[in-house]
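Visitor: Please give me a close look at one part of this structure. Start with paired charges, and then show me what surrounds them in the fold.

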Amino acid sequence: MNPSLISHQQYWHATCCFFALLGCLPLLWPGMLPQSWQASASEYAGEIILASVLVSLTVLGTTSLSMLLRLRNLHTLVHLTFWAMQWFLTCCIFALLAYFADIPAPTSPQTNQAIVRRDPPPLPPTDYISGPTSLVVPISIVDAAPTAISQAPYLSSLEEQHPTLLRDYINKSPRWAASLSDQTFYTKPWHVVMILQNPRIGPGFVHAAFLRLTDGEQLPAGYTVVKPGGPLPVLTDSETQIPDLALDLGGAHYLLLAWRGAGDPQLAFCALNAAIHEVDEMVRPLANRPDQPTLSLLINGSTNPLEEDPETPVKTDILLSEPQAQSGCFQAQILANPGEKGVFLLSIRNASSGEQLLCFEIPARFSYKSGSIFRHDIPADLPTRLRQVNSSNIIPNNAPLFMIPCTSKATSFDVLFELSFRPAAQKKAYHVLSKIYRLASYNNPNGPSAKSIKE
């Protein structure tokens, strides 16, 4: 051991104390630094303080061990005393500086939560989510009573000329990949729901799913088979329920349709025809150009909602949708353009208790061009390793749905959605947007829950 290090170790400690105090200055008076440095000043200040303490401890430990090996116990005790006095004096100076800095106390989280809850009020989870992962699709109907089943020229063309492309589209599409051979598919998560947009007709929607039958398989019981352009099913006087339809596309594929709403036959068949037309329009690009690039575009969609709908408002927003008859299952969407590389953090909390229920971390799409907006689907756009969002068997892990665990026995509760953005060059995230939704709890005897998603 170098004797000069032992004899001059107090100078080392004094230097470390000086740098520790120097590192405290940006924390006490952040305004002393240029505006561009203030965001990261606390990180570097903490690292300087930590390094100063570690160097001082290392010098103290090394010199003390050396003196103890030489049986200089009294010298060791003296050096330890001086070291303690130096750091005690440093702490006193820091306390004095903090007193004069007069830093305001942090705001209580409960206070923040109460302010957020008063304004704005809770919203229902009925936002319209666009893109190929959306399970809620709006439809419009005509007032004229239908005389036949709607034509489906593009579906029929694909089934006749390109059945493999149609099968690939159904199997890989986030909307249709959960095709079920079950006549009660409309009671299970992960299926498309067509919502009527006409407000005067009252509530009503059409559940839809594709079914592919292989050799020897039979169509599930309870469906009335119809063909595009064919006659409407004949209803007897005793029938009060509109039958569930299986649209035969002329091959192995059927489009299952189940109307749930008013028993008015005219209204029901108008809605069913509108649903057929909407699904047929979905595959129109593939029928007109049956190739793999078009198939990929239909499956993945565009991340820029302005390309799909030029009238889309260019503003940052959080959207939440709970598809009908899929209670407790949600789809979320972030519309934003941070203008730089980074990640979005969507924290989902109980608005009453502040307890974190879920936290999604998703890479941000961005552009330097102002006036652009990008769509981020949750959970569809989560990295593959983070898509295991459901610990129960209620929702398949590859479904474009997630569940929000409810820790109380309340039938409904308010949930706070907080969106933050963390730039790639920084470790801290800044707040972007908050919204509160009123959700119904999922009642399941097996107690389904969801995992917290963190990277």
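**Charged pairs and a covered strand**

Guide: In this predicted model, R289 and D291 join their side chains in a salt bridge, with N and O 3.1 Å apart. The two partners differ in cover. R289 has a relative accessible area of 56%, so it counts as exposed. D291 is at 21%, which makes it partly exposed. Why can such side chains pair at all? Opposite charges can do so when their charged atoms come close.

The R289–D291 pair belongs to a wider set: the structure holds nine salt bridges. Take E361 and R422 next. Their closest N and O atoms are 2.9 Å apart, and they form a salt bridge. E361 sits in strand β10 (residues 356–363) and R422 in strand β13 (residues 412–423), so this bridge ties together parts 61 residues apart in sequence. Is E361 buried or exposed? Its relative accessibility is 7%, so E361 is buried. R422 reaches 25%, so it is partly exposed.

A further pair involves loops. R365 bridges to D381, with 3.0 Å between the closest N and O atoms. R365 lies in the loop between β10 and β11, while D381 lies in the loop between β11 and β12; this pair links distant parts of the chain, 16 residues apart. R365 is partly exposed, because its relative accessible area is 26%. D381 is partly exposed too, at 23%.

Now move to strand β8, which spans residues 329–336. How many of its residues are buried? Eight of eight are, so the strand is mostly covered by the under 20% cut-off for burial. In a regular strand, side chains alternate between the two faces of the sheet. In β8, C329, Q331, Q333 and L335 point one way. F330, A332, I334 and A336 point the other way. Both sets are buried.

Which strands pair with β8? β7 (residues 317–321) does, antiparallel, over five bridges. There, S321 stands opposite Q331 of β8. β11 (residues 374–378) also runs antiparallel to β8, joined by five bridges. In that pairing, I334 has H376 of β11 as its bridge partner. β12 (residues 402–403) is antiparallel to β8 as well, with two bridges between them. C329 faces M403 of β12 there.

So much for the strands; two helices round off the tour. S56 lies in helix α3, which covers residues 35–69. What is the relative accessible area of S56? It is 1%, so S56 is buried. Which residues touch S56, leaving aside neighbours within four places in sequence? H13, C16, W83 and W87 are in contact with S56.

Helix α4 (residues 73–101) holds M85. M85 is exposed, because its relative accessibility is 52%. M85 is also part of a nonpolar patch on the surface. The other members are L74, L77, V78 and F82. Together the patch residues have about 520 Å² of accessible area.

To recap the two helix residues: S56 in α3 is buried, whereas M85 in α4 is exposed.

Methods:
Residues numbered from 1 in each chain as written. Predicted model: local features only at pLDDT ≥ 70, side-chain atom pairs only at ≥ 80, totals over all residues. Heavy atoms only, no water. Buried < 20%, exposed > 50% of the residue type's maximum accessible area, 1.4 Å probe, protein only. Helix = DSSP H or I, 4+ residues; strand = E, 2+ residues; numbered from the N terminus. Pairing = 2+ DSSP bridges. Contact = heavy atoms within 4.5 Å. Salt bridge = Lys/Arg side-chain N within 4 Å of Asp/Glu carboxyl O. Patch = residues over 30% accessible without salt bridge, like charges linked within 9 Å, V, L, I, M, F, W, Y side chains within 5 Å. Areas by Shrake-Rupley, 256 points an atom, 1.4 Å probe, with all protein chains shown as cover.
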